[in-house]
Structures are given as structure tokens and as C-alpha cells.
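Biologist: I'd like a close look at just one part of this model, please. Could you pick a piece and walk me through what it touches?

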Amino acid sequence: MVAGCVRYADDFIVTSPDRNRIILKNIPKVKQFLNERGLEISEKKSRIINLEEEGFDFLSWRICLFDRNPKKNKSSYNKKILVIKPTNEATKRVKAKIKAKFALNKPIRGLIKDLNPILRGWSNYYRSSYHSQEIFQSIGHYVYQSWWRWALKKHPNRTKKWIYSKYIFKSDKRSWNIGISKEILLFDITQAKQIKLNSLKSNINPYSDEDYYISRSLIVNAERFRKAIYKKYDFRCPVCNQALFGEEDIHLHHIIPRKDGGQYSLTNIAPLHITCHESITYTKNPGNLFPGRT
């Protein structure tokens, strides 16, 4: 019996409690499964490892096992802790992209336009792991250093105070943000929080339960999820029927409240202007406002 399998396209990992089970049971079953479909394992690209002795890279993730630090965690249940974080190579690549954008010496608006998709996309991919947070802090510091070198080069005759007053803005989350104004800011990757997902349901079939997997993947990728919600409602607020574009903030509203078991899913989230969101907070039956709800 296979203890676990993680698959993506033609790459997959088989996990097992011991090496003998992998060699004698799991690998023969995998080979049989593939042979029946005209496929075979690539011996050159495959290997068996002991996770307690070495880690491995998979889809730009570094997966390794460490001894649990008793000072940080007093749990006696596990002596080891599984660490899943971005690989060193992936971190180096994104820093190289950041460096290249700043080297172009564009105005700050151009830098924000170029860098925000890179930083958002990278954080969305890696923020499903708690251990990515340390890497996010490292990249955030690298962005700040790169910006500071850019600013000194851009304004060689200006003081530090002048540069800060021109490019640094205070927000609700941080005392400083790099940008043009409070509305147009460089994405702060240090504020990217971990997304926690429940384990996959065992009775879900990826070929027949497509909506489940789409909803799950969209939650991981917050930007794609928001875009999908906007598209579902034809880019209009279902309360006032006005366009979602403009300066007013957009809230993602739970149609069935979380306290009543409402899920963060495509079927239970609606995009509302902040004022519209406030206006229905005390409505007795706001579900009537949304498609498919009574």
C-alpha cells in the first residue's frame, strides 16, 4: 500500500514508512499502473531517498526533515519536523529578476508596474507553507536595499529625509511603504501571509469533481481567485450594480456567513463595494441579493 503520493503532470513523489515497502511493493505497483497506460518510469530521473538523511527538491520546493527544537516546540509527539520552503535556486532567480528591474533605472511608477506581478506571483506560489515566511522577509529586505540604491542613484543630490518623504508612505499595516502615493505602492512581500488549506478530500476525483479543484487552486492563488469572482459577477457589485473599478475598496463578502459554515469558495463569495458591504451588514436576508441564493 502506498502511504502517500504527490503528483504534478508527469512528476510525482511516492512516500512510504520504510525502504523495503517502496522497493518490494510500491514501485512494482507504480510500474504496473504506468505500463497499462503505455508509460514507464524514467530511471535516470528517479531515486529513492531517506528523508531523515537528506532532502530533495520538487517543483522549486525544498523538502527536508530536521530534528525538532525543544526550546521552540515542547511537543513530544514528533521528534522531527518537516520543512517545506522555496529552494535556494528559486530564491536566487527571483532576486535576479528584482535586480534586473531596478538596473533599468525606470521611474518608480514603471518599477511598481514591473515588480508587483513578480512579487505577487512568487508569494502566491510559495505562501502555502509556513516556512516560506523567513524567505519572504529576506526578499523584502533585498527589495528595500535595491530600492535604496536606486533612489540614491536617481537623486544623488537629495538628502535621506527628502527621499523618504517622496517615496515612503504609511499604511494601516506598516509604518512605511515604498510607492508613489498611499494608493499606488510597491507590493510588500513581507506581508504575504500563509494560506492554510484543509487536506484533500479522499473521495474527490480530479477528473469528475473539477469545481472542487478549481476552487482550491484559486484560494491558493489569491489574485486569480479575486479575478474569477469579479468575472462571475460581470465586474459589477451585486448590491448596487455599479462597476467594481474605481478608487473605492472592494470587499469579498461571504454570502453564507463563516459562523454558519460558509466556505471561502467561488459559490459563496461576492465582490462588494465597501459601502455596499456595510449597507447589507444588518440586512435580515442578504442572501436574496445574490445569484442562486434565497
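Modeller: Let's look at helix α4 and its contacts with three other helices. The model is predicted, so local features need pLDDT of at least 70 and side-chain atom pairs count only at pLDDT 80 or more, while totals for chains, interfaces and linings use all residues. Residues are numbered from 1 along each chain as its sequence is written, and side-chain values use heavy atoms, leaving out hydrogens and water.

Helix α4 covers residues 133-154 (a helix is a DSSP run of H or I, at least four residues, numbered from the N terminus). Start with helix α2, residues 88-103: its axis comes within 10 Å of the α4 axis, and the two cross at roughly 20° (axes are lines fitted to C-alpha atoms over the stretch in contact, with angles from 0 to 180 degrees between N-to-C directions). That makes α2 and α4 roughly parallel (under 35 degrees; over 145 is roughly antiparallel, 65 to 115 roughly perpendicular, and the rest oblique). Their crossing is right-handed (the near helix is turned clockwise from the far one by less than a right angle). Among the residues in contact (heavy atoms within 4.5 Å) are Ile-98 and Phe-102 of α2, and Val-143, Trp-147 and Trp-150 of α4. By class, this contact has nine nonpolar, three polar and two charged residues (nonpolar: Ala, Val, Leu, Ile, Met, Phe, Trp, Tyr, Cys and Pro; charged: Asp, Glu, Lys and Arg; polar: the others, Gly among them).

Now for α3. Its axis lies 12 Å from that of α4, at an angle of about 170°, so α3 and α4 are roughly antiparallel. Trp-147 and Trp-150 turn up here too, along with Ile-135, Phe-136, Ile-139 and Val-143 of α4; they meet α3 residues including Leu-111, Leu-119 and Trp-122. The contact of α3 with α4 has 11 nonpolar, one polar and no charged residues.

Finally, α5, residues 160-167, crosses α4 at roughly 115°, with the axes coming within 11 Å. The two are therefore roughly perpendicular, and their crossing is right-handed. From α4, Tyr-144, Trp-147, Trp-148, Trp-150, Ala-151 and Leu-152 meet Lys-160, Ile-163, Tyr-164 and Tyr-167 of α5. That contact has nine nonpolar residues, no polar ones and one charged.
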